[in-house]
Amino acid sequence: MLFFWTLVLLAPYANAAKLLKVPLSSKLLPPGSPSTKPSTPDAPLQNAAVKVVTPVQCGNSQTFKDVLVDTGSAILWVGGEQPYQPGPSTQVLNSTFGVGYGIGGVSGTAFRDTVVIGEASGSAQIIGAANVTNGFNLVRPIDGILGLGPSGSNAGDVSGFNSTPTFVETLVADKSIDQPLFGIYISPLGQDGIPEGTGEITFGGVDPARIRGDITWVDQTPPLDFHWEFNVSSFSFGGITLNTSAPARTDTGALAIGIPFDELFAIRDAFNGTIAFDNSSLSSLLSFPSNATATLPSLDFTLGNTMFSIPPWRYIVPRSLYPSLNVTDNPALSHTWIASAGPGSYQFGQKWLENAYSVYDMANHRIGFAHLA
């Protein structure tokens with residue numbers, strides 16, 4: 001059974017004493033960059049020339065400007081493009097770190113350091129300084145990854161530690177924020193590939209200016225130290241429905257709107273769609289006949305008792321972005337951001353999260369969703 005809460009009053013979160021805001025940028029990589037070259041087979045959901053990043057300051061007065069924001073992992077590392085240089089706040093741990101991702105891996109030396117991200121500053125944060133990276137061609141340039149996964153989900157990433165505090169937990173320990181809770185707004189890309197405003201992480205609470213109505217809370221499903229996983233109550237696309245509860249996860253480090261395998265192919269068959277495997281950044285994602293796009297339904301997801309709808313103009317890829325995505329323009333086909341998340345499961349990547357405000361409550365093991373203002 002899916003348990004949920006609807007937050008009737010936002011005051012306990014919106015009026016929290018300590019809120020720290022961090023700007024996010026949605027970036028579309030230019031044609032000819034490594035990210036728009038042929039994709040690798042180990043990353044069917046991450047073959048993205050679109051990424052969400054924020055600048056991170058640490059080391060010897062260094063700014064790592066292209067650090068990916070990733071709710072699917074839980075360690076902070078830098079040095080992917082320029083080497084990390086120990087600075088006046090650096091503490092040597094004599095430890096190494098290593099993390100594997102769907103698109104690659106990283107390893108190097110672990111340190112403690114003061115880390116500044118937007119308005120947030122964490123002291124003695126355990127970070128990784130990359131010595132070796134591999135498989136990240138899809139998202140280069142990449143200066144590092146800011147992992148915002150659940151507490152304990154980085155077990156084994158740093159030698160000598162069972163797990164290490166996430167950046168959110170460090171902010172709580174420093175008393176910079178009152179509660180291990182944060183909200184995320186991802187600004188969508190416009191038809192011209194330029195973000196429609198600035199995205200944002202709010203550490204310590206939520207930004208009420210981003211929200212319309214109440215927050216619907218859904219329980220995080222076990223294991224609690226793995227991913228931000230929960231259940232979707234139901235899904236529909238026109239006459240195609242899935243009314244049984246199914247597992248889902250959010251992942252700002254992935255691109256697509258991931259739906260269950262069976263439903264993806266049911267939609268493909270019902271609407272004469274195609275799923276092509278090619279050298280583009282949209283390989284394995286769903287396409288529709290262009291002459292049918294005017295009558296396509298919305299993607300409807302029910303979380304708790306609240307429906308979140310993604311209209312066609314949000315899940316159809318603008319043709320103006322095709323060159324950056326290495327897509328050959330066939331006028332008869334219109335590409336989408338929709339992909340398979342595997343049998344009986346969902347994945348809410350960037351393109352889903354652009355359509356809602358998401359909140360992550362580490363203390364109460366729940367995830368919240370709200371309609372955008």
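Reader: In which strand is Thr306 found?

Author: The model is a predicted one, in which local features need pLDDT of at least 70, side-chain atom pairs count only at pLDDT 80 or more, and totals for chains, interfaces and linings use all residues. Residues are numbered from 1 along each chain as its sequence is written, and side-chain values use heavy atoms, with hydrogens and water left out. Strands are DSSP runs of E with at least two residues, and helices are DSSP runs of H or I with at least four, both numbered from the N terminus. Thr306 belongs to residues 306–310, which form strand 21.

Reader: Is Thr306 buried or exposed?

Author: Buried means under 20% relative accessible area, exposed means over 50%, and partly exposed lies in between, with a 1.4 Å probe and protein chains only. The relative accessible area of Thr306 is 17%, so Thr306 is buried.

Reader: With which side chain does the side chain of Thr306 make a polar contact of 2.6 Å?

Author: A polar contact is a pair of N or O atoms within 3.5 Å; within protein, one must be able to donate a hydrogen and the other to accept it, and residues adjacent in sequence count only if both atoms are side-chain atoms. One such contact of the Thr306 side chain, at 3.3 Å, is with the side chain of Asn305. The contact at 2.6 Å is with the side chain of Thr216.

Reader: Which residues are in contact with Thr306, leaving aside its neighbours within four places in sequence?

Author: Contact means heavy atoms within 4.5 Å. Phe301, for its part, is in contact with Thr306, Met307 and Phe308, among others, when its own neighbours within four places are left aside. For Thr306, the residues in contact are Thr216, His371 and Phe301.

Reader: Which strand gives the most residues to the largest nonpolar core?

Author: A nonpolar core is a set of buried Ala, Val, Leu, Ile, Met, Phe, Trp, Tyr and Cys residues joined through side-chain atoms within 4.5 Å. The largest has 77 residues, and those touching the most other members include Phe301, Tyr346 and Trp352. With four residues, the strand that gives the most to this core is strand 3.

Reader: How many residues does the other core have?

Author: This core lies apart from the largest one. Among its members are Tyr101, Ala110, Ile145 and Val158, and its count of residues is 18.

Reader: Where is Thr336, and which backbone oxygen lies 2.7 Å from a polar atom of its side chain?

Author: Thr336 is placed in the loop between strand 22 (333–335) and strand 23 (338–340). Its relative accessible area is 0%, so Thr336 is buried. A polar atom of its side chain lies 3.0 Å from the backbone nitrogen of Ile338. The backbone oxygen at 2.7 Å is that of Leu286.

Reader: In strand 22, which residue is the bridge partner of Ser287?

Author: Two strands pair if DSSP finds at least two bridges between them. Strand 19 (residues 286–289) runs antiparallel to strand 22, and three bridges join them. They belong to an open sheet of three strands in the order 18-19-22, where strands 18 and 22 stand at the edges with a single partner strand each, so one side of each has no neighbour in the sheet. The bridge partner of Ser287 is His335.

Reader: Why does the salt bridge of Lys18 and Asp178 tie together parts that are far along the chain, and how many residues apart are they?

Author: A salt bridge is a side-chain nitrogen of Lys or Arg within 4 Å of a carboxyl oxygen of Asp or Glu, and here the N to O distance is 3.9 Å. Lys18 is partly exposed at 31% relative accessible area, and Asp178 is partly exposed at 45%. Lys18 lies in the loop between helix 1 and strand 2 and Asp178 in the loop between helix 2 and strand 10, so the pair ties together parts whose separation in sequence is 160 residues.

Reader: Is Glu354, the salt-bridge partner of Lys351, buried or exposed?

Author: The side chains of Lys351 and Glu354 meet at 3.1 Å, N to O. Lys351 has a relative accessible area of 3% and is buried. At 5% relative accessibility, Glu354 likewise counts as buried.
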